[in-house]
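Work through the exercises below with the model open. Each task is followed by a solution in steps.

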Amino acid sequence: MANTSLTLTLEWFLNPDHLPFIAGIHTGAYKEAGLDITMIEPTEHYDGFAELQAGNIDFHVNEPIHLFEHYFTDLKALGCFFVTDGGVMMKQSGVDKFTQNQPIRITTPSANPITNKIGFEILRRYAKQNGFDLDRASVEFVETDFQHLKNLQEGDAIGEFDGAWLCFYNFEGIEANHIGLEYTFIDQHLSPYPNFSALEMMTTHSLWDNKKDAMEHFVKVTMKMAELCTSQPKKAREIYYGYTADEPSALMDDIITDTLSRLITPIEPNKERWSALRTMLNELDIATISDDEYAKLWQ
């Protein structure tokens with residue numbers, strides 16, 4: 001009998017965050033479980049939520065904030081498999097300006113009203129907690145790309161950057177340590193906001209009802225692969241380099257090692273995990289869903 005075909009789409013470019021899926025494909029574990037998995041890596045902006053709603057894909061991976069921002073009634077959350085520390089990385093020279101409410105420039109791969117508002121909120125809460133004020137007019141978010149460390153070191157045509165927003169410790173923090181950058185990483189440990197730097201697996205209730213057995217198998221195998229990677233770091237590195245054909249490096253080794261410590265099992269719906277995030281997004285007037293809508297996500 002032919003394997004069941006399922007399509008998984010990622011939130012952005014392939015990286016070690018996705019090791020449970022990479023391992024499932026590369027080791028043949030999905031095939032052995034009767035699953036034929038197609039994993040799509042977007043090369044540009046990709047609306048996985050629209051594709052889910054249209055029934056064109058089976059699973060989508062994205063940050064939990066988008067469960068609220070792109071909510072639709074059939075959306076179903078399957079569980080979080082990865083959580084990192086995320087926030088704004090400030091160069092030490094930028095921190096000195098920042099604490100005096102002087103104008104600062106922040107590089108980010110996505111400067112839009114929503115991401116800018118969240119980035120500023122992280123900085124504002126940090127400032128309040130540390131006893132100083134921060135004016136919105138003092139913070140400029142400049143859309144560039146994901147090359148945070150390069151941008152922080154080189155700046156742009158207009159001048160230098162004081163910080164970078166949409167940073168993740170298992171990438172930018174590790175890289176900054178490698179190059180010896182002096183920085184303060186303003187994440188949920190330093191600023192009082194609910195962390196949302198994570199990846200959630202999602203599908204729809206309709207797809208789940210139609211393909212429940214295959215989808216349950218997929219989640220179970222993915223959990224086994226996450227456990228394989230975390231218990232055998234050397235094997236995980238071999239799997240990653242083997243699948244991606246990337247040249248091994250000390251930096252990527254350290255990124256993979258840090259990332260493995262952030263994989264989560266079991267992968268299962270957790271109604272409480274993102275409750276505080278839901279409250280913050282409501283307070284910031286970014287996304288509001290009702291109690292019933294929120295509850296349905298986890299059913």
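Two strands pair if DSSP finds at least two bridges between them. The model used here is predicted.

**Exercise 1. Pairing of β3**

Task: Find how many bridges join β3 to β10, and state whether the two strands run parallel or antiparallel.

Solution.
Step 1. Three bridges join β3 to β10. With at least two bridges required, β3 and β10 count as paired.
Step 2. The two strands run antiparallel. One place to see the pairing is N62, which stands opposite E200 in β10.
Step 3. β3 (residues 59-62) is also joined by two bridges to β1 (residues 4-9), and here the strands run parallel. L8 has F59 in β3 as its bridge partner, and T9 stands opposite H60.

**Exercise 2. The sheet and its cover**

Task: Give the strand order of the open sheet of five strands, name its edge strands, and say which helix lies across β1, β2, β3 and β10.

Solution.
Step 1. The order is β2-β1-β3-β10-β4, and the pairing is mixed.
Step 2. β2 (35-40) and β4 (75-83) are the edge strands, since each pairs on one side only.
Step 3. From one strand to the next, the twist averages 25 degrees.
Step 4. Helix α10 (residues 212-231) lies across β1, β2, β3 and β10 (198-204), at about 55 degrees to β1.
Step 5. β3 is covered on both faces: F59 and V61 are buried on one side, and H60 and N62 are buried on the other.

**Exercise 3. Two helices that cross**

Task: Describe how α8 and α12 cross, and classify the angle.

Solution.
Step 1. The axes of α8 (residues 169-179) and α12 (residues 250-260) come within 9 Å and cross at roughly 140 degrees.
Step 2. The cut-off for roughly antiparallel is over 145 degrees, so α8 is oblique to α12.
Step 3. The crossing of α8 past α12 is right-handed.
Step 4. From α8, the residues in contact are Y169, N170, F171, I174, E175 and H178; from α12 they are A250, L251, D254, I255, D258 and T259.
Step 5. Sorted by type, this contact has six nonpolar, three polar and three charged residues.

**Exercise 4. Burial of α1**

Task: Decide how many of the eight residues of α1 are buried, and name them.

Solution.
Step 1. Helix α1 (residues 19-26) is mostly covered, with six of its eight residues buried.
Step 2. The buried residues are L19, P20, F21, I22, A23 and G24.
Step 3. Just after α1 comes G28, with a positive phi of about 85 degrees.

Conventions:
Residues are numbered from 1 along each chain as its sequence is written. This is a predicted model: local features need pLDDT of at least 70, side-chain atom pairs count only at pLDDT 80 or more; totals for chains, interfaces and linings use all residues. Side-chain values use heavy atoms; hydrogens and water are left out. Axes are lines fitted to C-alpha atoms, for helices over the stretch in contact, and angles run from 0 to 180 degrees between N-to-C directions. Helices (H or I, at least four residues) and strands (E, at least two) are DSSP runs, numbered from the N terminus. Angles under 35 degrees count as roughly parallel, over 145 as roughly antiparallel, 65 to 115 as roughly perpendicular and the rest as oblique. A crossing is left-handed if the near helix is turned anticlockwise from the far one by less than a right angle, and right-handed if clockwise. Contact means heavy atoms within 4.5 Å. Ala, Val, Leu, Ile, Met, Phe, Trp, Tyr, Cys and Pro count as nonpolar, Asp, Glu, Lys and Arg as charged, and the others, Gly among them, as polar. Buried means under 20% relative accessible area, exposed over 50%, partly exposed in between (1.4 Å probe, protein chains only).
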